[in-house]
Amino acid sequence: MRAAHVLLALVVGAVSGAAGTVLHRQWWGLALALTTGLVVLAWLPPGSVRLAFALGWWVPVLRGALSLPSGGFLIASDALGWSFLAGSGVLLVTAMLTVFSAPRTAAGPPG
């Protein structure tokens with residue numbers, strides 16, 4: 001069941017990151033994408049599920065920052081683009097910092 005949660009978080013992160021990459025050119029799209037990403041990240045439990053969401057988010061963001069075959073970019077180097085990249089970086093770093101703060105489960109009965 002844990003692997004299914006991680007896979008689902010990865011897919012949801014990828015879809016959310018792709019939507020944010022497309023919509024960040026509008027001020028409301030940038031605000032909506034980053035706010036939604038932060039809320040979902042805070043809602044997810046610390047650990048591998050949160051990290052999977054953040055990594056899934058970063059895949060389309062990085063693809064959008066790379067050059068297209070036609071020579072353009074989906075994420076331009078302007079205020080909106082840099083804000084989106086910085087906010088996405090905050091998502092990833094926050095998820096990475098909280099990986100080891102997940103509650104540990106005991107291997108056996110309390111004794």
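## L10 and the nonpolar surface patch

In this predicted model, L10 is partly exposed, with a relative accessible area of 36%, and its place is in helix α1. L10 belongs to a nonpolar patch on the surface that also takes in L7, V11, V15 and L55, and these residues together have about 440 Å² of accessible area. Helix α1 supplies the largest share of the patch, with 4 residues. An α-helix has 3.6 residues a turn, so residues three or four places apart point the same way.

## Overall architecture

The chain has 4 helices and 0 strands, and from the N terminus on its elements follow the order α-α-α-α. Taken along the principal axes, the C-alpha atoms fill a box of roughly 65 × 25 × 20 Å. Of the 111 residues in the chain, 34% count as buried, while the chain exposes about 6,800 Å², of which carbon and sulfur atoms supply 77%.

Among contacts in the chain with a separation of 6 or more, 73% are accounted for by residues 24 or more positions apart. One pair that is distant in sequence but not in space is Q26 and L80, which are 54 residues apart along the chain and 8.1 Å apart from C-alpha to C-alpha. Q26 is found in the loop between α1 (2-23) and α2 (27-43), where this residue is partly exposed, with a relative accessible area of 43%.

## The nonpolar core

The largest nonpolar core holds 19 residues, and those that touch the most other members are L41, F53, W57, V61 and F84. The elements that give two or more residues to this core are α2, α3 (48-65) and α4 (79-97), and the largest share, 7 residues, comes from α3.

For L41, once neighbours within four places in sequence are left aside, the contacts are R50, F53, A54, L91, T94 and A95. Of these partners, R50, F53 and A54 are listed with the buried residues of α3, whereas L91 and A95 are listed with the buried residues of α4.

## Helices α3 and α4

The 18 residues of α3 should span 26 Å at 1.5 Å a residue, and the end C-alpha atoms of this helix are 25 Å apart, which agrees. The buried residues of α3 are V49, R50, A52, F53, A54, G56, W57, W58, P60, V61 and G64, and they pack against α1, α2 and α4.

Helix α4 has 19 residues and reaches 26 Å from its first C-alpha to its last, close to the 27 Å expected at 1.5 Å a residue. Its buried residues, among them G81, F84, L85 and L92, pack against α1, α2 and α3.

## Two buried positions, T21 and L85

T21 lies in helix α1 and counts as buried at 4% relative accessibility. Not counting residues up to four places away in sequence, T21 touches P60, V61, G64, L74, I75 and F84. Among these partners, P60, V61 and G64 are buried residues of α3, and F84 is a buried residue of α4.

L85 lies in helix α4 and, at 19% relative accessibility, counts as buried because the cut-off for that class is under 20%. Leaving aside neighbours within four places in sequence, L85 is in contact with W58, V61, A65 and I75. L85 and L62 are 23 residues apart in sequence, and their C-alpha atoms are 8.7 Å apart in space. V61 and I75 appear among the contacts of L85, and V61 and I75 are also among the residues that T21 touches.

## The salt bridge between two loops

The structure holds 1 salt bridge, in which the side chains of R25 and D78 meet at 2.8 Å, N to O. R25 lies in the loop between α1 and α2 and D78 in the loop between α3 and α4, so the pair ties together parts that are 53 residues apart in sequence. Both partners fall in the intermediate class of accessibility: R25 counts as partly exposed at 34%, and D78 counts as partly exposed at 26%.

Note on methods: Residues are numbered from 1 along each chain as its sequence is written. This is a predicted model: local features need pLDDT of at least 70, side-chain atom pairs count only at pLDDT 80 or more; totals for chains, interfaces and linings use all residues. Side-chain values use heavy atoms; hydrogens and water are left out. Buried means under 20% relative accessible area, exposed over 50%, partly exposed in between (1.4 Å probe, protein chains only). A nonpolar core is a set of buried Ala, Val, Leu, Ile, Met, Phe, Trp, Tyr and Cys residues joined through side-chain atoms within 4.5 Å. Contact means heavy atoms within 4.5 Å. Patches are made of residues with over 30% relative accessible area and no salt bridge: like charges are joined within 9 Å, nonpolar side chains (Val, Leu, Ile, Met, Phe, Trp, Tyr) within 5 Å. Accessible areas come from the Shrake-Rupley method with a 1.4 Å probe; for residues, only the protein chains shown count as cover. A salt bridge is a side-chain nitrogen of Lys or Arg within 4 Å of a carboxyl oxygen of Asp or Glu. The expected span of a helix is 1.5 Å times one less than its number of residues.
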